[in-house]
Amino acid sequence: MSFQPTPADISVIITTPSTSQSSSEPRFLSERRITPSWTVIQLKGKLETMTGIPPSSQRLRLKTPGRPDQWIEGDDSIIGDWGLMKGSEIEIHDSRPQSARLNFTDLSSVEKYVLPAETYESLPNSVLAWKKNLKLGRFDPSALSPEEAMQAQGVKDAEEVQKRGISLSKRAIILPSSPPHVRRGTVRFVGPVPTIPYPGVDVQTADPEMPVPIWVGIELDEPTGKNDGSVGGRRYFECANKSGVFIKPEKVEVGDFPPLGLDDELDEDMEEI
């Protein structure tokens, strides 16, 4: 009986076709060493661990440089007999209908683990524990309560409105502004906006005698805003869609800011003198 040498493994590219008609890039790409003496069914069993496609649903297409592509048929045939060589590519096609294929990229149906609050609070090495140890945030004994912080913000906003001379119908720009990104418009509203939430406090049910945050509603010259003068289903002033914006007083500067276009025309006239 003559000695039969073991065939050397061959490095082959393993791919699956793209699921997008507009893309020719493979959905899966890997390089593996294949023993030419394997049967096709043996190869399919190994490919299943890489692609998740059952052997019975695999159709293998062999792409060899300088040769026409060919479908590998017969599970009992030897893979080396199909002309396998270095540089070959085996493209794995899934014959199952789309509805029967597992989608490993869709996480919407995967049950998420949520750590119970009491478990998180008992952990010694969490961010919460770190804040407790350093007495930061709500663990600071001198920290203001949400209601107190809201009142302090309301007092600060009122001072800013008075200091900056913000009032209805005045022209204003939104800070920070630098050419050519200058947003300007007309002040249309100054006061509380209960439908804008404040952390930890329901502004809409707050004590009417309590100072609350103040907002400045501006009708912009250009549609670069976020609303039409209404927030949370409540209207505070009238303007075109995307022309309204609510800004904190410290971000508003009032002054002689003509509507966009007028100053540009003036500059052109000055250049012609």
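Glu159, Gln162 and Lys163 are exposed (over 50% relative accessible area, 1.4 Å probe, protein chains only) on the other side of α4 from its buried residues. This is a predicted model: local features need pLDDT of at least 70, side-chain atom pairs count only at pLDDT 80 or more, and totals for chains, interfaces and linings use all residues. Residues are numbered from 1 along each chain as its sequence is written, and side-chain values use heavy atoms, with hydrogens and water left out.

**Helix α4**
- Helices are DSSP runs of H or I, at least four residues; strands are runs of E, at least two; both are numbered from the N terminus.
- Met150, Gly154, Asp157, Glu160 and Val161 of α4 are buried (under 20% relative accessible area).
- Those buried residues fall within an arc of 130° seen down the axis, so they line one face of the helix; the arc is that of the directions from the helix axis to the C-beta atoms.
- What covers them includes β7 (184–191).
- The 19 residues of α4 should span 27 Å, taking 1.5 Å times one less than the number of residues; the end C-alpha atoms are 27 Å apart, which agrees.
- Gly165, just after α4, takes a positive phi of about 65°.

**Leu136**
- Leu136 is found in the loop between α3 (127–134) and α4 (146–164).
- Its relative accessible area is 32%, so Leu136 is partly exposed (between the 20% and 50% cut-offs).
- Leu136 touches Trp130 and Lys131 (heavy atoms within 4.5 Å), not counting residues up to four places away in sequence.

**Residues 214–248**
- UniProt, in an unreviewed entry, places "domain: CAP-Gly" here; annotations may be inferred rather than shown by experiment, feature names are shortened, and positions follow the numbering used here.
- The span is 0% helix and 40% strand, with its end C-alpha atoms 7 Å apart.
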